[in-house]
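Visitor: Could you take me closely through a single strand, and tell me what lies around it?

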Amino acid sequence: MPVFGLTKARGRAVPKGWSGSVKGPASYATGGFTVTISDLAKVYDAVAIAGGGYLAEVASISGNAITIKVYYFNYPATATGTAVEIPAGTDLSGVTFRIIAIGE
């Protein structure tokens with residue numbers, strides 16, 4: 001997976017950027033699934049985007065691992081409401097998640 005690069009600004013290292021994609025798990029666990037970004041030693045911030053009509057949220061970051069929580073909208077197209085977390089056990093193996101992370 002590509003690393004954007006590391007530059008120096010006024011003698012200080014500027015964090016690296018990383019982007020890539022992962023497939024979702026075959027059986028989603030409540031609270032999210034974890035992705036380890038091996039190209040980075042530490043992640044400072046990240047964004048996840050889901051395909052397939054799902055909404056992805058970076059729920060937590062620990063070292064170079066991020067936890068992605070997945071939501072869907074459980075109401076008819078003519079109504080409004082909040083997104084709810086998908087049920088445990090949902091197969092997301094056919095869903096691609098794009099991730100952009102900043103770290104070192």
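Guide: What follows is a close look at strand S9 and its surroundings.

The model is predicted, and therefore local features need pLDDT of at least 70 and side-chain atom pairs count only at pLDDT 80 or more, while totals for chains, interfaces and linings use all residues. Residues are numbered from 1 along each chain as its sequence is written, and side-chain values use heavy atoms, with hydrogens and water left out.

To place the strand, begin with the whole protein chain, which has zero helices and nine strands and reads β-β-β-β-β-β-β-β-β along the sequence. Helices (H or I, at least four residues) and strands (E, at least two) are DSSP runs, numbered from the N terminus. Of the 104 residues in the protein chain, 31% are buried; buried means under 20% relative accessible area, exposed over 50%, and partly exposed in between, with a 1.4 Å probe and protein chains only.

Strand S9 belongs to an open sheet of three strands, in the order S3-S9-S5, with antiparallel pairing. S3 and S5 are the edge strands, each pairing on one side only, and the twist from one strand to the next averages 20 degrees (axes are lines fitted to C-alpha atoms, for helices over the stretch in contact, and angles run from 0 to 180 degrees between N-to-C directions). Strands count as paired if DSSP finds at least two bridges between them. Between S9 and strand S3 (residues 16-23) there are eight antiparallel bridges, and Lys16 has Gly103 of S9 as its bridge partner. Strand S5 (residues 43-50) is joined to S9 by seven bridges, also in the antiparallel sense, and there Val47 stands opposite Ile100.

The strand has two faces: Phe97, Ile99, Ala101 and Gly103 make the covered one, whereas Thr96, Arg98, Ile100 and Ile102 make the uncovered one.

On the covered face, Phe97 is buried, at 0% relative accessibility. Phe97 joins Phe33 in an edge-to-face aromatic pair, with 5.1 Å from centre to centre and 65 degrees between the planes. Rings of Phe, Tyr and Trp (its six-membered ring) pair if their centres lie within 6.5 Å, and planes under 30 degrees apart count as stacked, over 60 as edge-to-face and the rest as tilted. Phe33 is buried too, with a relative accessible area of 10%. Because Phe33 lies in strand S4 (residues 33-36) and Phe97 in strand S9 (residues 96-103), the pair ties together parts that are 64 residues apart in sequence.

On the uncovered face, Ile100 is partly exposed, at 42% relative accessibility. Together with Val47 and Ile49, Ile100 makes a nonpolar surface patch of about 260 Å². Patches are made of residues with over 30% relative accessible area and no salt bridge, where like charges are joined within 9 Å and nonpolar side chains (Val, Leu, Ile, Met, Phe, Trp, Tyr) within 5 Å; a salt bridge is a side-chain nitrogen of Lys or Arg within 4 Å of a carboxyl oxygen of Asp or Glu. Accessible areas come from the Shrake-Rupley method with a 1.4 Å probe, and for residues only the protein chains shown count as cover.
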